[in-house]
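Student: I would like to go through this structure step by step. Could you show it to me?

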Amino acid sequence: MIQPTGVALIGSGSASPDSIITNHHLAEMVDTDDEWIKTRTGIAQRHVAGPELGLRHLAAQAGERAIAAANLTSEDIDLIILATSSPDDLFGSAAQVQAELGASRAAAFDITAACSGFIVGLITASQFIRTGVYKNILLVGADLLSRWTDWEDRRTCILFGDGAGAVVLQASETDNLLGFDLHSDGSMNGCLTLGYEPEGQTLYGETQVSKGQYNPINMNGREVYRFAVKRVPQVIGQALAKAGLTVDDIDWLLLHQANQRIIDAAADRLKIPREKTLSNLAQYGNTSAASIPLALDEAVRAGKVKPGDTIAASGFGAGLTWGSAIFRWGHR
Ligand code: COA
């Protein structure tokens, strides 16, 4: 009989392309400068993937490292969830990652929720474990938004970078996903889009099909900023309440790495000291679904985040969507 169990996050991994674009490089491409970008966003550089590097390759690299850190092999994985908005294949890239990893027993599917993708994936994966259906799940957040960036648009090209991060979730006696909350507001969809623009192609008579193309990322920066500084502290508060915890119980605040000013504003509103915030934005920019697990993996490997630490994580972005998960790191 299937026994409901708790969830533990037991291993992390990450990967990023070697190529780097600094603010100074960007200043040669568009009308901007290092000072403007740093003071408004906290970003100094971003990693970008060339045409030889697929989303599936980077996702698999991060996944392999997470599986090794969890002391498992790819054969132990029951399910792979890939959170991405920039798959190599619009039909989904999770199965491609499964093949790259040789995780032959694993089912695999994609989740599309932009910069909230990792949080949505974490909550989704936890349901499969809590119901006792699966024991080991690999969750990867990966995005190559450089493919969809308009490199002539100074309002957006300064923000995004490529990367992948992963965690392994495992069935456990204690439940370390302590609380979560998720929201969407599609009426604000137009604030941040990577939209399909239809164009009619006549097949016969008056019957047409849509043969369009995806346009580059389009964003109303001010609206997205306002949305984030309001909604992120709110949703963390809601997830904490569901966990029966307060901000004093948090060891680390781990927000989607979109903008240092958003991270600082959220920490201030929640009255969480800045030393408790995790940030690697300066090196990577906004890597969308990858940003939370990438920052988590770096903090785990640096010995900052330790087993038993309580983390308040929040993702937010296109949709618009936002959510928070409060979890304890490791098996304890
Ligand atoms: N370099 C120099 N000037 C720039 C610029 C750049 N890269 N980008 C915009 N500007 C200019 C604008 O043209 C504008 O000039 P104007 O007043 O002459 O028209 C001025 O700077 C202010 O633009 P504005 O868009 O109001 O700037 P801002 O202070 O809101 O900062 C963002 C812009 C994008 C940094 C900020 O809005 C932001 O971080 N928003 C959230 C974006 C985000 O995180 N998105 C992802 C969520 S998942």
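Tutor: What follows is a conversation about selected parts of this structure.

Tutor: This is a predicted model, in which local features need pLDDT of at least 70, side-chain atom pairs count only at pLDDT 80 or more, and totals for chains, interfaces and linings use all residues. Residues are numbered from 1 along each chain as its sequence is written, and side-chain values use heavy atoms, with hydrogens and water left out.

Student: How many residues of strand β16 are buried?

Tutor: Eight of the eight residues of β16, residues 310-317, are buried, so the strand is largely enclosed by the rest of the structure. Buried means under 20% relative accessible area, exposed means over 50%, and partly exposed lies in between, with a 1.4 Å probe and protein chains only. Strands (E, at least two residues) and helices (H or I, at least four) are DSSP runs, numbered from the N terminus.

Student: Which residues lie on the two faces of β16?

Tutor: Thr310, Ala312, Ser314 and Phe316 are on one side, Ile311, Ala313, Gly315 and Gly317 are on the other, and all of them are buried.

Student: And which strands pair with β16?

Tutor: Strand β15 (residues 252-255) runs parallel to β16 and is joined to it by four bridges. Trp252 has Ile311 as its bridge partner in β16. Strand β17 (residues 321-328) pairs with β16 in the antiparallel sense over eight bridges, and there Gly315 stands opposite Gly323. Two strands pair if DSSP finds at least two bridges between them.

Student: What is found in the turn between β16 and β17?

Tutor: The two strands form a hairpin with three residues between them, and Gly319 in the turn has a positive phi of about 140 degrees. The peptide bond from Gly319 to Leu320 is cis, with omega near -10 degrees.

Student: Which other residues have a positive phi, glycine aside?

Tutor: Ala114 is one of them, with phi near 45 degrees. Ala114 lies in the loop between β5 (107-111) and α5 (117-130) and counts as buried at 13% relative accessibility. Ser288 also has a positive phi, of about 55 degrees. Ser288 belongs to the loop between α8 (281-284) and α9 (291-301), and its relative accessibility of 3% makes it buried.

Student: New topic: the ligand. Which residues are closest to the ligand?

Tutor: The ligand is surrounded by 21 residues, and the closest are Thr32, Arg40, Arg154, Arg222 and Asn259. A residue counts as near if one of its heavy atoms lies within 4 Å of the molecule.

Student: What polar contacts does the ligand have?

Tutor: An N or O atom in the side chain of Arg40 is 2.6 Å from an oxygen atom of the ligand. For Arg154, a polar side-chain atom lies 2.8 Å from a ligand oxygen atom. A backbone N or O atom of Gly221 is 2.9 Å from a nitrogen atom of the ligand. Taken alone, the ligand exposes 950 Å², and the protein buries 76% of that. These areas come from the Shrake-Rupley method with a 1.4 Å probe. A polar contact is a pair of N or O atoms within 3.5 Å; within protein, one must be able to donate a hydrogen and the other to accept it, and residues adjacent in sequence count only if both atoms are side-chain atoms.

Student: Last one: is Gln257 buried or exposed?

Tutor: Gln257 is buried, with a relative accessible area of 0%. Its side chain reaches the backbone oxygen of Leu255 at 2.8 Å.
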